Amino acid sequence: MIEADRPVVAYLSMEIALESSIPTYSGGLGVLAGDTLRAAADLGIHLVGVTLSHRRGYFHQRVDPLGRQSEEPVSWSMDDFLEPMEPRVTVELEGRPVQIRAWRYQIMGASGSRVPVYLLDTDLDGNAPEDRALTDVLYGGDLAHRLRQEAVLGLGGVRMLRALGYRTITRFHLNEGHAALLILALLEEEFARRGSSIALSPDVIEEVSERCVFTTHTPVPAGHDQFSLDLVRQVLGERLAGWLKACGQDPIVNLTDLALRGSRFINGVAMKHGEVSRALFPGYPIRSITNGVHAVTWAAPSFHALYDRLLPDWRRDQLSLRYAVSIPEADIWEAHMDAKRALVDTVNRETNAGFDRDVLTLGFARRATAYKRWTLVFHDLDRLKQIVAQRAACRSSLPGRPIRETMTAKK
């Protein structure tokens, strides 16, 4: 049951990694979002998540022996994981009304608190075929399709939260620029609150920005969505295009820049990333909050057992993991080797890759796209070989066979 009058923080992200059986995320952005919401549930923070349903998943990735990636849709049953919600809201795209519904997923925290996540869905009778497909695939389609998706997330997300009964949203957290159009939805609400049709002025924008915080992730230009103002006018209409122009988005609408201008607090996701982001976007006070992980989700079963034995409070209070420095190194190594054996056995069973448990193997589990810089680890092979040799010497005294001074790279 929604506690409509309870103050909450709304967290909007184009992708959220809820669980591996719900393939609506592509990588780090979604993983961080999922970990943030799980941590909020553990801590009992009043937070609500919003994302898109991605009915056909992100994609099933295949990489051939030459490193070329191909993609296939992923089928999954939403009914098996999500609860349908009653409200319908509408956004106008290219002059057409597009209906949106929501599905709810509940994240259960260690303390029993829950964080609801609403997945927006446009696959509804009455919507045009191209609109029904807007929430099918993450990061699919051309620029116009992407802009329509981001309108569903930003404009539709705010309207859906209101329709669901969330009246007191103290902050809107934009996880990357994809959600930046929510600023337009908040401007609409602010104009309605003031009861007039006054022109967009700095004080109105400031009022909205006080309610928004923004996390930027991607330190290269290719990761920041940009659209011509003419395309925005075609998709969102003259009024909203005019508002974006008044917010400095002319002749190009850059959603990262819009989020920077429209947020009271901005952060990068590591100290170095904050430094790079300040160089990319000079003039903005970009802070740094280093990425963490939700340890209970990502620790291997062998480490679960180790921490349960030596740090019994770690599931409820993950800060207690700072005492892991006192765990004997031999115990850490044994748990690591158990986890590595399980991983290598799984990879070999699924791919017939022939990985060796006793060889240092470096993997790249990301999209095969240039800005991910997947060859960066090999830019200084001599240093990499030196690290391998040094670690092999250090491990020779620990239980089990030492890592051989061998380095292989497999696609």
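Which residue forms a salt bridge with Arg357? The partner is Asp345, and the closest N and O atoms of the two are 2.9 Å apart. The model is predicted, and it holds 27 salt bridges in total. Its largest nonpolar core has 70 residues.

**Nonpolar cores**

- In soluble globular proteins, nonpolar side chains tend to be buried together.
- Within the largest nonpolar core of this model, the residues with the most contacts are Leu93, Leu161, Phe172, Leu182, Leu184 and Leu236.
- Helix α3, which covers residues 143-163, gives the most to this core, with nine residues.
- Another core of 18 residues lies apart from the largest one, and its members include Ile16, Leu37, Leu82 and Val117.
- Leu93 can serve as an example of the contacts made by a core residue: leaving aside neighbours within four places in sequence, Leu93 is in contact with Val98, Leu134, Arg148, Ala151, Val152, Val235 and Leu236.
- Leu236, one of these contacts of Leu93, is also among the residues with the most contacts inside the largest core.

**Salt bridge between Arg357 and Asp345**

- Side chains of opposite charge can pair when their charged atoms come close.
- Arg357 lies in the loop between α12 (329-351) and β15 (360-361), while Asp345 lies in helix α12.
- The two residues are 12 residues apart, and the pair links distant parts of the chain.
- Arg357 has a relative accessibility of 34% and counts as partly exposed.
- Asp345 is also partly exposed, with a relative accessible area of 31%.

**Salt bridge between Glu210 and Arg264**

- Glu210 and Arg264 form a salt bridge in which the closest N and O atoms are 3.5 Å apart.
- Glu210 sits in the loop between α5 (202-209) and β10 (212-215), and Arg264 sits in the loop between α8 (255-261) and β13 (265-268), so the pair ties together parts that are 54 residues apart in sequence.
- Glu210 is partly exposed, at 39% relative accessible area.
- Arg264 is partly exposed as well, at 43%.

**Salt bridge between Glu94 and Arg96**

- The side chains of Glu94 and Arg96 meet in a salt bridge, with an N to O distance of 3.2 Å.
- Glu94 has a relative accessible area of 26% and is partly exposed.
- Arg96 has a relative accessible area of 21%; because buried means under 20%, Arg96 counts as partly exposed.

**A network of salt bridges**

- Arg55, Asp121, Asp123, Asp125 and Arg132 are joined into one network by salt bridges that share partners.

Technical notes: Residues numbered from 1 in each chain as written. Predicted model: local features only at pLDDT ≥ 70, side-chain atom pairs only at ≥ 80, totals over all residues. Heavy atoms only, no water. Core = buried A, V, L, I, M, F, W, Y, C linked by side-chain atoms within 4.5 Å. Buried < 20%, exposed > 50% of the residue type's maximum accessible area, 1.4 Å probe, protein only. Helix = DSSP H or I, 4+ residues; strand = E, 2+ residues; numbered from the N terminus. Contact = heavy atoms within 4.5 Å. Salt bridge = Lys/Arg side-chain N within 4 Å of Asp/Glu carboxyl O.
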